Amino acid sequence: MIGGGTLKARLGELARARRSAPTLNGSEPAPAPDAPGASRAGADPLDGAVGVEAFLPGGEWRDERGAVYVHERLRSDVEKRRAHWGRLGEAPEHEPDLAALCALGLEHVLFLDLETGGLSSSPVFLAGTMHWNGSDFVLRQYFARHYGEEATLLAALAEATRGFEFLVTFNGKSYDVPFLKDRGHVHRVRVAFPPRHVDLLHPARRRWRGELPDCRLQTLEYRVCRRRRVGDVPGEEVPGLYHDFVRHGDPYRLVPVFHHNMLDVITMGEILAALCR
């Protein structure tokens, strides 16, 4: 199983606390560790309005455009640490990009997955990244709490990509990267990317097309990585959940979207490892 219901358990704890002690004062969430430009931010989950910050503690990344919320955690917070984390074998000889990535090492790789409002003109509201820090995978999620924070999200993501040699996505050459460039053009934010891009969809198709019914991310997750999701939200429901959050401000139903995004980037790491065994 993947995810283990960690977020749902946290949500349940907060909901029970609110029902049993509605007048108590909670503690302010800590800023996201190691987050560039982070500052303390959040809402008290037991007093007044509750934002997503109360469920997913983190901090704000700010620039002259405004702020965007950053939630960060280690992969070992989500699932049991495995001995193979951070290791890659050898890529097939006919996959030169994978071979170059394996030769350089995971420290130079940034995994990326987006959640958007659904249409080509809709905003990017959540960008999930993952990188290897030498001992664990760092999962970082940039979240626009309303439509006006999208420009700052793009700027924060552009800064996050600096220093990495490889960008790793799943269908990112056709979707994520063009989408980010288009949204950057709308907001006049230059979104730079690492110089090399490995879109895992294409080597996965070359490797497993004859063995699997399709090469969708979750098919590979189950059939190749041998992992089953727990507490996930269907991808087609994600845009509606965000628009509902913006209209009504209730974060409870949105938190599983963070879970969904986080599992996607974790699965990319597992698919990459499987391709390089």
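Helix 7 and helix 10 cross in a left-handed way, meaning that the near helix is turned anticlockwise from the far one by less than a right angle (clockwise would make it right-handed). In this predicted model, helix 7 covers residues 201-208 and helix 10 covers residues 255-275; their axes come within 11 Å and cross at roughly 45°. Axes here are lines fitted to C-alpha atoms, for helices over the stretch in contact, and angles run from 0 to 180 degrees between N-to-C directions. The two helices are therefore oblique to each other, the class left over once angles under 35 degrees are called roughly parallel, over 145 roughly antiparallel and 65 to 115 roughly perpendicular.

Who meets whom at this crossing? Helix 7 brings Pro 203, Ala 204, Arg 207 and Trp 208, and helix 10 answers with Ile 271, Ala 274 and Leu 275; contact means heavy atoms within 4.5 Å. By class, that makes six nonpolar, no polar and one charged residue. Ala, Val, Leu, Ile, Met, Phe, Trp, Tyr, Cys and Pro count as nonpolar, Asp, Glu, Lys and Arg as charged, and the others, Gly among them, as polar.

Now turn to helix 5 (residues 150-160) and helix 6 (residues 176-187), which pack at about 120° with their axes 10 Å apart. This crossing is left-handed. Glu 150, Ala 151, Leu 154 and Leu 157 of helix 5 touch Leu 180, Arg 183, Gly 184 and His 187 of helix 6, giving four nonpolar, two polar and two charged residues. All these helices (H or I, at least four residues) and the strands (E, at least two) are DSSP runs, numbered from the N terminus.

Two single residues are worth a visit. His 108 sits in the loop between helix 4 (96-104) and strand 4 (109-116). Glu 165 is 57 residues away from His 108 in sequence, yet 5.3 Å away C-alpha to C-alpha. Not counting residues up to four places away, His 108 touches Phe 164, Glu 165 and Phe 166. At 32% relative accessibility it is partly exposed, between buried (under 20% relative accessible area) and exposed (over 50%), with a 1.4 Å probe and protein chains only. Thr 219, in helix 8 (residues 217-223), counts as buried at 11%.

Residues are numbered from 1 along each chain as its sequence is written. Local features need pLDDT of at least 70 and side-chain atom pairs 80 or more, while totals for chains, interfaces and linings use all residues, and side-chain values use heavy atoms, without hydrogens and water.
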